[in-house]
Amino acid sequence: MAGNNQLCIRRWTTKNVAKWLKEEGFCEYVDILCNRHRLDGITLLTLTEYDLRSPPLEIKVLGDIKRLMLSIRKLQKQHIDVLEELGYSSDSHIGTVCATVGSLQGTDWFCNGEVPRDYDGPITDLNGDQYQYANGKNKHSTRRLDPEYWKTILSCVYVFIVFGFTSFVMVIVHERVPDMQTYPPLPDIFLDRSILLRRLCSLMGTVFLLRCVTMFVTSLSVPGQHLQCTGKLYGNVWAKLQRAFAIWSGFGMTLTGVHTCGDYMFSGHTVVLTMLNFFVTEYTPRSWNFLHTLSWVLNLFGIFFILAAHEHYSIDVFIAFYITTRLFLYYHTLANTRAYQQSRRARIWFPMFSFFECNVNGTVPNEYCWPFSKPTIMKRLIG
């Protein structure tokens, strides 16, 4: 009996499908399914809810979609063997054509097991007979970006630890600064939001970690005669740690009484200015031209004043600008394209990046909302 049923559905023509639709109470869809798109028995058996919703069918009535899918699932249940012969498999969820699951195997999964939102197909919930749809025609996604606050907190801890380590290295290199009488100044030609905060902290921490290495291995003479530097000020480790804490708590700023020598390669002030400039221009609407221009002007003026004050050599500023911009661009290129997911080497060489970005799918949209209810006066002004 089963063999006859299988043989029958294999031989179903569009007329047989039209008859089945009428028997199931879907007379109004005979024309679109049978006459326009010529569905026979096999194609009817492999039809999915996504096919009904998306072009070229685009059935608009939700109730009809659900009822038609229930009838198709009953048909699939009766012909499981035929589906398996066609290359589909059925698990405990009858009617879930697992070619869907097979197609998902070719896509990128989040590290928490979820499916990317840019996947243009039915997203099957393996724990229930439910579907979610990310139709390419719609801009609205089925799930919002997960802020993952604990990762943001972890990135903040990371950057603060790096700042502390940088402060300690600054104390070490201060003791190693070359004597100004022996080595005078060298000649110089020129005077997520949660995801966003996580990216800012991780990038800033990584750049300053690189700065620790470069200024530790490269001791340059002071860039100006006005700088009063004397080495060997801190005799023991405890004194060095106390001085490092003073630098760390003062964020390395002269206004807070911090003054060190030897930490020239490369400029930390240029790093901060450039990083903030790039974050402002990247995560604000493209139409905000005035803000972007102002951000660049402030960035360049800050670099000019650093050079004019003879606090750094030109090479220090250039390297700081180059490393900061390259790292920012590389990071966001990988994050926006998710190219690293296709490369095992990228995951090995950039483990922290993979950890922080594994659940962020695609570009973070430049969308803003009020963190609290808008006051009445603001509602009247801007709606």
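# A walk through the cores and rings

Hi everyone, let me start with some aromatic rings: F278, F279, Y283, W296 and F328 come together as one aromatic cluster. Before I go on, please keep in mind that this is a predicted model.

Here is the overall picture. The protein chain has 383 residues, and 42% of them count as buried. Its secondary structure consists of 17 helices and two strands. The accessible surface comes to about 22,200 Å², with 62% of that belonging to carbon and sulfur atoms.

Now to the inside. In soluble globular proteins, nonpolar side chains tend to be buried together. So what do we find here? The largest nonpolar core has 30 residues, and V271 and M275 are the ones with the most contacts inside it. Helices α9 (149-175), α10, α12, α14 and α16 (351-357) each supply at least two residues of this core. Which helix gives the most to it? That is α10, with seven residues. There is also a second, separate core of 26 residues, and W20, I32, L45 and L52 are included in it.

Let me stay with α12 for a moment. This helix covers residues 268-282, 15 residues in total, and at 1.5 Å a residue it should span 21 Å. The C-alpha atoms at its ends are indeed 21 Å apart, so the model agrees with the expected span. Which residues of α12 are buried? They are G268, T270, V271, T274, M275, N277, F278, F279 and T281. The buried residues of this helix pack against α10 (194-217), α13 and α14. M275 is a nice one to click on: setting aside neighbours within four places in sequence, M275 is in contact with L200, L203, M204, V207, T324 and F328. You may remember F328 from the aromatic cluster I opened with.

Just ahead of that helix there is a loop worth a look. T260 sits in the loop between α11 (237-249) and α12. Is T260 buried or exposed? With a relative accessible area of 14%, T260 is buried, because the cut-off for that is under 20%. Leaving aside neighbours within four places in sequence, T260 touches M170, H174, R243 and I247. T260 and I247 are 13 residues apart in sequence, and their C-alpha atoms are 8.9 Å apart in space.

Back to the rings, then. A pair of aromatic rings is described by the distance of the centres and the angle of the planes. With centres within 6.5 Å as the rule for a pair, the count comes to eleven aromatic pairs. One of them is F301 with F305: the ring centres are 6.0 Å apart and the planes are at 40 degrees, so this pair is tilted. Both residues belong to helix α13 (residues 289-308), and because F301 and F305 are four residues apart there, about one helical turn separates them. F301 is partly exposed, at a relative accessible area of 46%.

Another pair is F318 with Y322. Their centres are 6.3 Å apart and their planes at 25 degrees, so the pair is stacked. These two are also four residues apart, this time in helix α14 (residues 314-337), so F318 and Y322 are separated by about one helical turn. F318 is exposed, with a relative accessible area of 53%, whereas Y322 is partly exposed at 45%.

One more ring has a charge for company: the charged end of K151 sits over the ring of F355, 4.7 Å from the ring centre.

I'll end with a few backbone details. Most residues other than glycine have a negative phi, and most peptide bonds are trans. Here are some places that go the other way. P55 and P56 are joined by a cis peptide bond, with omega at about 5 degrees, and P56 is found in the loop between α5 (49-53) and α6 (62-78). E58 also has its place in the loop between α5 and α6. Phi of E58 is positive, near 50 degrees, although E58 is a residue other than glycine. At 25% relative accessibility, E58 counts as partly exposed.

Then there is R38, in the loop between α3 (30-36) and α4 (41-45). R38 is not a glycine, yet its phi is positive, about 50 degrees. R38 is exposed, with a relative accessible area of 62%.

That's my tour. Thanks for listening!

Notes: Residues are numbered from 1 along each chain as its sequence is written. This is a predicted model: local features need pLDDT of at least 70, side-chain atom pairs count only at pLDDT 80 or more; totals for chains, interfaces and linings use all residues. Side-chain values use heavy atoms; hydrogens and water are left out. Rings of Phe, Tyr and Trp (its six-membered ring) pair if their centres lie within 6.5 Å; planes under 30 degrees apart count as stacked, over 60 as edge-to-face and the rest as tilted. Buried means under 20% relative accessible area, exposed over 50%, partly exposed in between (1.4 Å probe, protein chains only). A charge sits over a ring if NZ of Lys or CZ of Arg is within 6 Å of the ring centre and within 35 degrees of the ring normal. The expected span of a helix is 1.5 Å times one less than its number of residues. Contact means heavy atoms within 4.5 Å. Accessible areas come from the Shrake-Rupley method with a 1.4 Å probe; for residues, only the protein chains shown count as cover. A nonpolar core is a set of buried Ala, Val, Leu, Ile, Met, Phe, Trp, Tyr and Cys residues joined through side-chain atoms within 4.5 Å.
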